[in-house]
Amino acid sequence: MNAILRLILLAQFLVFISFAAEPPVSGTFTGDGKPAQLAYVSATKGEPFDGKDTTVLVFTEKDHAAEKHADIIASFGKFGSALILIVNSEGKIISCEVAHSALAKTPFSSSGVIEMKEFKNENGEMSGKVSTGGEHESLGQKWNVELTFHTKAP
């Protein structure tokens with residue numbers, strides 16, 4: 001095996017190990033000051049928007065991997081608190097749905113106050129940081145998101 005191929009395989013292995021060592025979701029998701037422990041994330045292919053491919057990212061407290069329409073069902077609390085995002089191919093958030101168990105008026109949409117940073121979609125993996133940049137109010141309720149994630153790309 002030549003040296004270049006070995007280096008490529010080593011690099012791929014190191015990327016895999018670094019993702020495997022980190023939890024898929026870390027950070028905070030609060031509703032009226034109460035934390036939700038988002039531990040699961042999935043990515044599925046969404047409908048095209050403005051001529052670009054989209055991905056639906058579903059963050060939940062409980063494992064939703066077996067659910068075909070997790071984005072819809074998570075909105076109604078089946079998997080505990082949830083955050084459902086639709087992002088375009090560049091990682092720009094075009095839709096945000098908040099479903100936090102501590103909030104009375106949920107789910108609700110809140111686009112424009114949440115953004116993606118350090119988005120990557122390469123080697124079959126997606127990762128990034130999702131942030132509201134502090135607490136926001138929607139429908140008289142306060143919520144905040146500061147999450148880092150990685151998951152298999154759709």
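Strands here are DSSP runs of E with at least two residues, numbered from the N terminus. The model is predicted.

**Exercise 1. Lay out the fold.**
State how many helices and strands the protein has, and give their order.

*Solution.*
Step 1. Count the elements: the protein has two helices and eleven strands.
Step 2. Read them from the N terminus: α-β-β-β-β-α-β-β-β-β-β-β-β.
Step 3. Turn to the contacts with a separation of 6 or more: 47% of them link residues 24 or more positions apart.
Step 4. Add the surface. The protein exposes about 8900 Å², with 55% supplied by carbon and sulfur atoms. Of its 154 residues, 39% are buried.

**Exercise 2. Place valine 58.**
Find the strand that holds valine 58. Then decide: is valine 58 buried or exposed?

*Solution.*
Step 1. Valine 58 sits in strand S4, residues 54-60.
Step 2. Its relative accessibility is 2%. The cut-off for buried is under 20%. Valine 58 therefore counts as buried.
Step 3. List what valine 58 touches, leaving out residues up to four places away in sequence. The contacts are Tyr40, Val41, Ser42, His64, Ala70, Asp71, Ala74, Leu83 and Ile84.
Step 4. Check one distance. Serine 75 is 17 residues from valine 58 along the chain, and their C-alpha atoms are 9.5 Å apart.

**Exercise 3. Describe the S8 and S9 hairpin.**
Work out how strands S8 and S9 run and how many bridges join them.

*Solution.*
Step 1. Set the limits: S8 covers residues 115-122 and S9 covers residues 125-131.
Step 2. The two strands run antiparallel, joined by six bridges.
Step 3. Pick a facing pair: valine 130 in S9 stands opposite methionine 116.
Step 4. Inspect the turn. Two residues lie between the strands, and asparagine 123 takes a positive phi near 55°.

**Exercise 4. Inspect the backbone in three loops.**
Locate aspartate 32, leucine 139 and proline 107, and describe the backbone at each.

*Solution.*
Step 1. Aspartate 32 lies in the loop between strand S1 (25-31) and strand S2 (34-36). Its phi is positive, about 50°, although aspartate 32 is not a glycine.
Step 2. Judge its exposure. At 40% relative accessibility, aspartate 32 falls between the 20% and 50% cut-offs, so it counts as partly exposed.
Step 3. Leucine 139 is in the loop between strand S10 (136-138) and strand S11 (141-152). Leucine 139, also not a glycine, has a positive phi of about 55°.
Step 4. Proline 107 belongs to the loop between strand S6 (93-99) and strand S7 (108-109). The peptide bond joining threonine 106 and proline 107 is cis, with omega about 0°.

Methods. Residues numbered from 1 in each chain as written. Predicted model: local features only at pLDDT ≥ 70, side-chain atom pairs only at ≥ 80, totals over all residues. Heavy atoms only, no water. Pairing = 2+ DSSP bridges. Helix = DSSP H or I, 4+ residues; strand = E, 2+ residues; numbered from the N terminus. Buried < 20%, exposed > 50% of the residue type's maximum accessible area, 1.4 Å probe, protein only. Contact = heavy atoms within 4.5 Å. Areas by Shrake-Rupley, 256 points an atom, 1.4 Å probe, with all protein chains shown as cover.
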